[in-house]
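Reader: I would like to go through this structure with you, beginning with the aromatic pairs and the charged pairs. Could you show me the sequence and the coordinates?

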Amino acid sequence: MWPSPIDPDGVLGPTPKQARGPRWRRASYGYYVPTDLPENLAVEQRIAIAAHQVVDKGAVTGWAALRWRGAKFLDGRRVSVVVPRGVVRPTSTLRVTAEQLPDSAIEEVDGIPLVSAVHAALFAAAHAAGLGSAVNAIDRAAAADLISLDELAGHALERAGRPGIRQVRDAIALASENSWSPMETQMRLLWRTIGLTEVVCNTPIFDPDGRHLGTPDLFHPASGLVGEYDGADHLTGGQRAKDIRREGAFRRVGLEYVEMVAADRRNPSDFLRRTKDALTRTERGPSPEPRWTLTPPPWWTDTTTVDRRRALTTRQRERLLRWQAA
């Protein structure tokens with residue numbers, strides 16, 4: 001909801017008395033929003049409040065601009081905005097940058113002025129709290145098909161020398177265009193700490209006859225190690241049964257399997273120990289005849305890159321990219 005000014009008649013906004021009551025809260029100086037707005041849109045409401053303060057003078061950037069465009073799982077303590085110097089003061093919820101951008105880099109999306117997706121991704125990665133957070137921001141933008149890694153790398157090259165650009169470049173080298181959730185990103189980075197670097201995300205695995213065995217969160221082809229994150233939604237009967245069947249399918253073709261659960265997020269040491277144990281089991285060596293392949297059958301539609309997903313028809317996207325809407 002767009003913040004409303006005080007209105008003595010109570011038509012365009014709350015009356016002075018209503019503004020002091022429990023049903024309205026202050027969004028910014030002189031503007032208010034109701035207190036009973038949907039909780040599931042609380043982050044989007046914060047973005048709208050920030051945009052209201054800079055409309056006609058600037059635009060939202062960083063993680064908030066990516067989220068407003070559809071990138072999932074992005075949030076932050078402050079919404080970043082680009083405005084001319086001195087126009088808006090930073091607050092505990094508003095981060096202000098006076099970076100100069102051409103008019104072509106700003107567009108309105110559903111009533112909110114935003115910087116371009118590629119610039120928002122660069123800003124988010126450059127100002128992230130650390131390399132892992134920078135990788136996550138890029139992964140989320142790419143998963144929503146807002147940017148490709150090549151597009152972001154080219155944008156970073158044009159802005160050599162700006163603050164945080166080294167972190168952006170390092171993050172691009174570690175990012176994936178097909179990571180579906182922050183936990184998959186975290187798992188992939190954890191695997192790197194024990195030497196598993198050539199890891200693919202959500203890549204379908206087939207048997208030699210072209211039957212689809214499954215699409216694991218992570219896969220290390222060199223060792224044949226499958227990695228899955230099992231969140232709360234994986235504990236329900238139907239989903240759990242599906243996970244067990246898929247694990248069986250992977251094991252039958254000689255692949256090893258390791259799971260990460262919510263408790264591992266706080267302390268991943270046991271997850272890494274389980275991963276090392278699984279790697280030890282893979283050292284028994286591959287079977288004489290490979291029983292799995294990453295080469296899809298001719299009828300399979302590949303959706304593992306941003307370019308391939310962008311080339312899909314609307315009907316194909318609805319059928320093949322349900323994970324983007326989940």
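Author: The conversation below takes up aromatic pairs, salt bridges, nonpolar cores and a sheet. This is a predicted model, in which local features need pLDDT of at least 70 and side-chain atom pairs count only at pLDDT 80 or more, while totals for chains, interfaces and linings use all residues. Residues are numbered from 1 along each chain as its sequence is written, and side-chain values use heavy atoms, with hydrogens and water left out.

Reader: How many aromatic pairs does a search of the whole structure find?

Author: The search finds five aromatic pairs. Rings of Phe, Tyr and Trp (its six-membered ring) pair if their centres lie within 6.5 Å; planes under 30 degrees apart count as stacked, over 60 as edge-to-face and the rest as tilted.

Reader: Why is the pair of Phe206 and Trp300 edge-to-face?

Author: The planes of the two rings, Phe206 and Trp300, stand at 85°, so the pair is edge-to-face, with the centres 4.9 Å apart. Phe206 belongs to strand E10 (residues 205-206) and Trp300 to the loop between helix H11 (269-282) and helix H12 (306-310), so that the pair links distant parts of the chain, 94 residues apart. Helices (H or I, at least four residues) and strands (E, at least two) are DSSP runs, numbered from the N terminus.

Reader: Are Phe206 and Trp300 buried or exposed?

Author: Phe206 counts as buried, at 0% relative accessibility, whereas Trp300 counts as partly exposed, at 25%. Buried means under 20% relative accessible area, exposed over 50% and partly exposed in between (1.4 Å probe, protein chains only). Ring pairs also link Phe206, Trp299 and Trp300 into a cluster.

Reader: Turning to charges, how many salt bridges are there?

Author: There are 21 salt bridges in the whole structure, each a side-chain nitrogen of Lys or Arg within 4 Å of a carboxyl oxygen of Asp or Glu. One of them joins the side chains of Arg188 and Asp139 at 2.9 Å, N to O. Arg188 is in helix H8 (residues 182-192) and Asp139 in helix H5 (residues 131-143), 49 residues apart.

Reader: Is that pair, Arg188 and Asp139, buried or exposed?

Author: Arg188 is buried, with a relative accessible area of 5%, and Asp139 is buried as well, with 0%. By contrast, both Arg211 and Asp209 are exposed; their salt bridge has its closest N and O atoms 3.3 Å apart.

Reader: Which residues are linked in a network of salt bridges?

Author: The network links Glu247, Arg251, Glu256 and Arg281.

Reader: Now the interior: how many residues has the largest nonpolar core?

Author: The largest nonpolar core has 53 residues, and those with the most contacts inside it include Ile47, Val60 and Leu66. Helix H4 (residues 117-126) gives the largest share of this core, eight residues. Apart from it lies another core, of 16 residues, among them Leu218 and Met260. A nonpolar core is a set of buried Ala, Val, Leu, Ile, Met, Phe, Trp, Tyr and Cys residues joined through side-chain atoms within 4.5 Å.

Reader: Finally, what is the order of the open sheet of three strands?

Author: The order is E1-E3-E2, with antiparallel pairing; two strands pair if DSSP finds at least two bridges between them. Strand E1 (4-5) and strand E2 (24-28) stand at the edges, each with a single partner strand, so one side of each is left without a neighbour in the sheet. E1 and strand E3 (residues 31-34) pair over two bridges, and the bridge partner of Pro5 in E3 is Tyr31.
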